[in-house]
Amino acid sequence: MRDVIIIGSGPAGYTAAIYTARAGLKPLLIASSVEAGGELMKTTEVENFPGFPEGVMGPSLMGNFQAQAEKFGTEVLLDDVVEVNLEGDVKVVKTGLGQTYEAKTVILATGAAYRELGVPREKELSGYGVSWCATCDGFFFRERTIAVVGGGDSAMEEANFLTRFASKVYLIHRRDSFKASKIMADRALSNPKIEVIWNSEVTELHGEGKLTGVSLRNTVDGSASNLDLEGLFIAIGNDPRVDLVRGQVDLTSENFIEVDGRSSRTNIPGVFACGDVIDPSYRQAITAAASGCVAALDAEHYLTSH
């Protein structure tokens, strides 16, 4: 019987592991067999994480997280959780390798996946001109020509934010009107640095080693065109990884795990959630790490009181 099992290994999961391990709870962190380390493993240079004035590569940062968690006694398992039973005092976690683990508490740090366009070479050029996070990567595109794909509030926000750096921002949307709120859409439409390309979708990425442009298809007449770019920001939404716990923990209207106020407590006693799987707004490594700290302290308090 474990005190704590942590499912997920991004900044939230590893921070929860560091705190619970230092509290002597000997956590088991199940990191995934394929996506250990979370979304930062797909990132090149990270310049906005505190403590690294010269920046740090995403995989290196996550390696440091893991090393620190293991230093204090976290057991890291590279396997996938395929089934959980979270009801009752004993939580049951089953993995893809056929192992079953029991714990008094479970911390869910399964994260959220950015939606991809689904075009060839998208993953290959990730971090080399293709990005899903303007806050993370906008600084690298000073005086560059870039584009944002999307039509919701997130796309409007990212396009406006990127005008602080880029000389020109195209906003590519597959329809003839935005689904964003009027105030956000008006803000983007009135920005002199932003030009909207309506009724268009990205079909191809160009460039060897780094992005140099995209091919577009008009969704009305099917005509094709090319657009020279040095950066492409994809803002078509993200999907919290909740399939594992759907039907057990309560979810919000946006399908994120619902927690009690600023805590990490879910509707099930002894089950806590943290990081991007509870956060539709910020999705930053630093906020995920802080959320992992909250979950660890909540789990520790729960164990002490029980």
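# Rings, cores and loops in a predicted model

Visitor: How does Trp198 count in terms of accessibility: buried, exposed or partly exposed?
Guide: The model is a predicted one. Trp198 has a relative accessibility of 30%. The partly exposed class lies between under 20% for buried and over 50% for exposed, so Trp198 counts as partly exposed.

Visitor: How many aromatic pairs are there, and what is the geometry of the pair formed by Phe139 and Phe140?
Guide: The count comes to 8 aromatic pairs. For Phe139 and Phe140, the ring centres are 6.4 Å apart and the planes meet at 75°. Planes over 60 degrees apart count as edge-to-face, so the pair of Phe139 and Phe140 is edge-to-face.

Visitor: How do Phe139 and Phe140 count: buried, exposed or partly exposed?
Guide: Phe139 has a relative accessibility of 43%, which makes this residue partly exposed. Phe140 has a relative accessibility of 31%, so Phe140 also counts as partly exposed.

Visitor: What kind of pair do the rings of Phe178 and Trp198 form?
Guide: The ring centres of Phe178 and Trp198 are 4.6 Å apart. Their planes lie at 40°, so the pair is tilted.

Visitor: How many residues apart in sequence are the parts that Phe178 and Trp198 tie together?
Guide: Phe178 belongs to the loop between β12 (168-172) and α5 (182-189). Trp198 belongs to the loop between β13 (194-197) and β14 (200-206). The pair therefore ties together parts whose separation in sequence, in residues, is 20.

Visitor: Which residues do ring pairs link into a cluster?
Guide: The links in this cluster are ring pairs. Its members are Phe139, Phe140, Phe161 and Phe165.

Visitor: Which ring lies under the charged end of Arg22, and how far is Lys168 from the ring centre of Tyr170?
Guide: The charged end of Arg22 sits 5.5 Å from the centre of a ring, and that ring belongs to Phe72. Lys168 lies over the face of Tyr170, and its distance from the ring centre is 5.3 Å.

Visitor: Which element gives the largest share of the largest nonpolar core?
Guide: The largest nonpolar core has 30 residues, of which Ile6, Tyr14, Leu29 and Ile107 touch the most other members. Two or more residues come from each of β1 (2-7), α1 (11-22), α2 (58-71) and α6 (285-305). The largest share, 7 residues, is that of α6.

Visitor: How many residues are in another core that lies apart from it?
Guide: Among the members of this other core are Phe141, Ile146, Met156 and Ala185. The number of residues in this core is 22.

Visitor: Why do the buried residues of α2 line one face of the helix?
Guide: α2 has 14 residues and reaches 20 Å from its first C-alpha to its last, close to the expected 20 Å. Its buried residues include Gly58, Leu61, Met62, Phe65 and Ala69. They line one face because, seen down the helix axis, they fall within an arc of 95°.

Visitor: What covers the buried residues of α2, and which residue follows α2 with a positive phi?
Guide: The cover over the buried residues of α2 includes α1, β3 (45-46) and β4 (56-57). After α2 comes a residue whose phi is positive, near 110°, and this is Gly73.

Visitor: Is Asn199 buried or exposed?
Guide: Asn199 is placed in the loop between β13 and β14. Its phi is positive, near 50°, although the residue is other than glycine. With a relative accessibility of 18%, under the 20% limit, Asn199 counts as buried.

Visitor: What is the relative accessible area of Asn255?
Guide: Asn255 is in the loop between β18 (238-240) and β19 (271-273). Although not a glycine, Asn255 has a positive phi of about 75°. Asn255 is partly exposed, and its relative accessible area is 35%.

Visitor: How far apart in space are Ser263 and Leu297?
Guide: Ser263 lies in the loop between β18 and β19 and is buried, with a relative accessible area of 11%. Leaving aside neighbours within four places in sequence, Ser263 is in contact with Val294 and Asp298. Ser263 and Leu297 are 34 residues apart in sequence, and their C-alpha to C-alpha distance is 9.5 Å.

Note on methods
Residues are numbered from 1 along each chain as its sequence is written. This is a predicted model: local features need pLDDT of at least 70, side-chain atom pairs count only at pLDDT 80 or more; totals for chains, interfaces and linings use all residues. Side-chain values use heavy atoms; hydrogens and water are left out. Rings of Phe, Tyr and Trp (its six-membered ring) pair if their centres lie within 6.5 Å; planes under 30 degrees apart count as stacked, over 60 as edge-to-face and the rest as tilted. Buried means under 20% relative accessible area, exposed over 50%, partly exposed in between (1.4 Å probe, protein chains only). Helices (H or I, at least four residues) and strands (E, at least two) are DSSP runs, numbered from the N terminus. A charge sits over a ring if NZ of Lys or CZ of Arg is within 6 Å of the ring centre and within 35 degrees of the ring normal. A nonpolar core is a set of buried Ala, Val, Leu, Ile, Met, Phe, Trp, Tyr and Cys residues joined through side-chain atoms within 4.5 Å. The expected span of a helix is 1.5 Å times one less than its number of residues. The arc is that of the directions from the helix axis to the C-beta atoms. Contact means heavy atoms within 4.5 Å.
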